Amino acid sequence: MAKEVFVEGFGAFVGKKSERLVVKRKGEVIFERPFFEVERVILATEGVIVSAAAIHECVKHGIPLEFISFSGEPYASLISPNLGGTVKTRREQLLAYEDQRSVELGKAFATGKLRNSANILKYFAKYRKTTNQSAYDFLYRRVDGIEELAHQVEGIEGSRVDEVRGALLNAEGRGASLYWEGIGRIMPGFPGREGRGAKDLVNSLLNYGYGILYHRVLSAVVRAGLDQFAGYVHTDRPGKPSLVLDLIEEFRGQVVDRTVLGMLGTGFKVRMDGDKLDEPTRRLLAGKIRERLATRVKHRGKKHTLENIIHIQARGVASFVRDGVLYKPFVGSW
């Protein structure tokens with residue numbers, strides 16, 4: 001069975017022994033497994049050494065090496081260049097930006113983000129219907145507002161995404177405001193959503209989880225033969241993986257927010273070490289995110305793991321720009 005290798009803590013060494021990936025700390029082997037059983041390697045520390053032999057073997061087996069900071073910010077990924085070698089897909093992806101296809105994709109990404117936000121609030125509201133009616137009503141007022149915004153997005157018209165980006169971002173922004181108001185009611189004391197540089201526990205957990213999810217989406221985009229930098233709703237900027245940022249919106253709530261809120265709501269011990277999550281908390285969260293990604297949910301009439309759905313959606317984007325197959329966003333149940 002494929003396995004994810006999560007390396008954390010100063011002094012770690014990742015190397016190759018025969019046909020096996022080996023992780024050592026202070027000379028002691030703490031993990032060893034054949035490369036063909038490894039799915040990905042996540043390096044969550046700056047104090048790790050990776051041998052060239054291990055890198056070569058990972059590339060040969062199509063195993064990505066993904067780097068995230070203590071705060072969960074992804075800053076590098078090593079992956080075989082042969083995984084994304086579909087030229088026709090990339091050509092059509094770039095051409096699609098200038099025609100109606102870009103509008104349809106932009107609307108789909110925005111609709112997916114909004115409908116998943118509404119469903120996350122519905123999920124947490126249902127447990128409060130009989131115990132806290134005022135909280136239930138508060139959440140459903142936000143749900144109604146978000147669903148109305150999703151309906152408005154479906155009616156947006158334009159010939160290319162540049163004409164409608166403002167309307168899409170406006171709807172997403174208003175939806176996010178309603179969503180985080182709802183989260184604030186679920187989590188008393190939540191200071192509001194903060195991205196990079198957040199120092200409170202809830203936002204630190206969310207940011208770390210998003211960093212893990214980012215690499216999953218990046219891997220799916222590359223494997224689908226798409227250019228990670230050529231997005232539609234997120235604007236072009238040197239070094240900005242716009243398509244990854246577009247596609248990840250369908251999954252933030254269902255993979256990360258639901259996991260983090262569930263952890264906090266069920267009493268898991270999570271702590272900060274200064275202005276960052278402590279190591280046990282980072283390990284716990286990474287494990288819970290992996291469990292959530294392995295959860296099977298219904299999508300297009302069949303049950304798939306959330307991990308596989310990310311790849312299905314990336315391939316769906318490729319099929320849409322290349323072959324005109326209708327792209328529908330992933331919307332998780334509640």
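Visitor: How do you know that helix 6 and helix 9 are in contact, and which residues meet?
Guide: In this predicted model, contact means heavy atoms within 4.5 Å. From helix 6, Leu 205, Tyr 208, Gly 209, Ile 212 and Arg 216 take part. They meet Thr 281, Arg 282, Leu 285, Ala 286, Ile 289, Arg 290 and Leu 293 of helix 9. By class, this contact has 7 nonpolar, 2 polar and 3 charged residues.

Visitor: Why are helix 6 and helix 9 called oblique to each other?
Guide: Helix 6 (residues 201-223) and helix 9 (residues 279-293) pack at an angle of about 50°. Roughly parallel needs an angle under 35 degrees, and roughly perpendicular runs from 65 to 115. The angle of about 50° fits neither class, so the two helices are oblique. Their axes lie 10 Å apart. The crossing of helix 6 and helix 9 is right-handed.

Visitor: What is the angle between helix 3 and helix 10, and what class does that make?
Guide: Helix 3 (residues 100-125) packs with helix 10 (residues 306-323) at about 160°. Angles over 145 count as roughly antiparallel. Therefore helix 3 is roughly antiparallel to helix 10. The axes are 11 Å apart. Helix 3 passes helix 10 in a right-handed crossing.

Visitor: Which residues make the contact of helix 3 with helix 10?
Guide: Arg 101, Glu 104, Leu 105 and Phe 109 come from helix 3. Val 317, Phe 320 and Val 321 come from helix 10. These residues divide into 5 nonpolar, no polar and 2 charged.

Visitor: How do you know whether Gln 313 is buried or exposed?
Guide: Gln 313 is found in helix 10. Its relative accessible area is 0%. Buried means under 20%, so Gln 313 is buried.

Visitor: What is Gln 313 in contact with, leaving aside its neighbours within four places in sequence?
Guide: Its contacts are Leu 247, Glu 250, Phe 251, His 299, Arg 300, Tyr 327, Lys 328, Pro 329 and Phe 330. As for Thr 111, its C-alpha atom is separated by 14 Å from that of Gln 313. Along the chain, those two residues are 202 apart.

Visitor: How do you know that strand 11 and strand 12 pair?
Guide: Pairing takes at least two bridges. Strand 11 (residues 296-299) and strand 12 (residues 302-305) have 4 bridges. Therefore they pair, and they do so in the antiparallel sense. Val 297 has His 304 as its bridge partner in strand 12. The hairpin has 2 residues between the strands, and there Arg 300 takes a positive phi near 55°. Strand 11 has a covered face of Val 297 and His 299. Its uncovered face holds Arg 296 and Lys 298.

Visitor: What makes strand 4 and strand 6 the edges of their sheet?
Guide: The sheet is open, with 4 strands in the order 4-3-2-6. Strand 4 (28-34) and strand 6 each have a single partner strand, so each has one side without a neighbour in the sheet. Neighbouring strands are turned by 20° against each other on average, direction ignored.

Visitor: Why is the pairing in the sheet of order 4-3-2-6 called mixed?
Guide: Strands of a sheet can pair either parallel or antiparallel. Strand 2 (residues 12-17) runs antiparallel to strand 3 (residues 20-25), with 6 bridges. Strand 3 and strand 4 also pair in the antiparallel sense, over 6 bridges. Strand 2 and strand 6 (residues 48-50) run parallel, joined by 3 bridges. Hence the pairing is mixed.

Visitor: Which residues stand opposite each other in these pairs?
Guide: Lys 17 has Arg 20 as its bridge partner in strand 3. Phe 13 stands opposite Ile 49 in strand 6. Leu 21 stands opposite Arg 33 in strand 4. Helix 1 (residues 52-60) packs on the sheet and touches strand 2, strand 3 and strand 6. The direction of helix 1 makes about 65° with that of strand 2.

Visitor: Where is Ser 18, and what is its phi?
Guide: Ser 18 sits in the loop between strand 2 and strand 3. Its phi is positive, about 60°, although Ser 18 is not a glycine.

Visitor: How do you know whether Ser 18 is buried or exposed?
Guide: Its relative accessible area is 54%. Exposed means over 50%, so Ser 18 is exposed.

Visitor: What about Lys 26: is it buried or exposed?
Guide: Lys 26 has a relative accessible area of 81%. The cut-off for exposed is over 50%, so Lys 26 is exposed. Its place is in the loop between strand 3 and strand 4. Lys 26 has a positive phi of about 55° and is not a glycine.

Definitions and conventions: Residues numbered from 1 in each chain as written. Predicted model: local features only at pLDDT ≥ 70, side-chain atom pairs only at ≥ 80, totals over all residues. Heavy atoms only, no water. Axes fitted to C-alpha atoms, helices over the stretch in contact; angles between N-to-C directions. Left-handed = near helix turned anticlockwise from the far one by under 90°. Nonpolar A, V, L, I, M, F, W, Y, C, P; charged D, E, K, R; others polar. Buried < 20%, exposed > 50% of the residue type's maximum accessible area, 1.4 Å probe, protein only.
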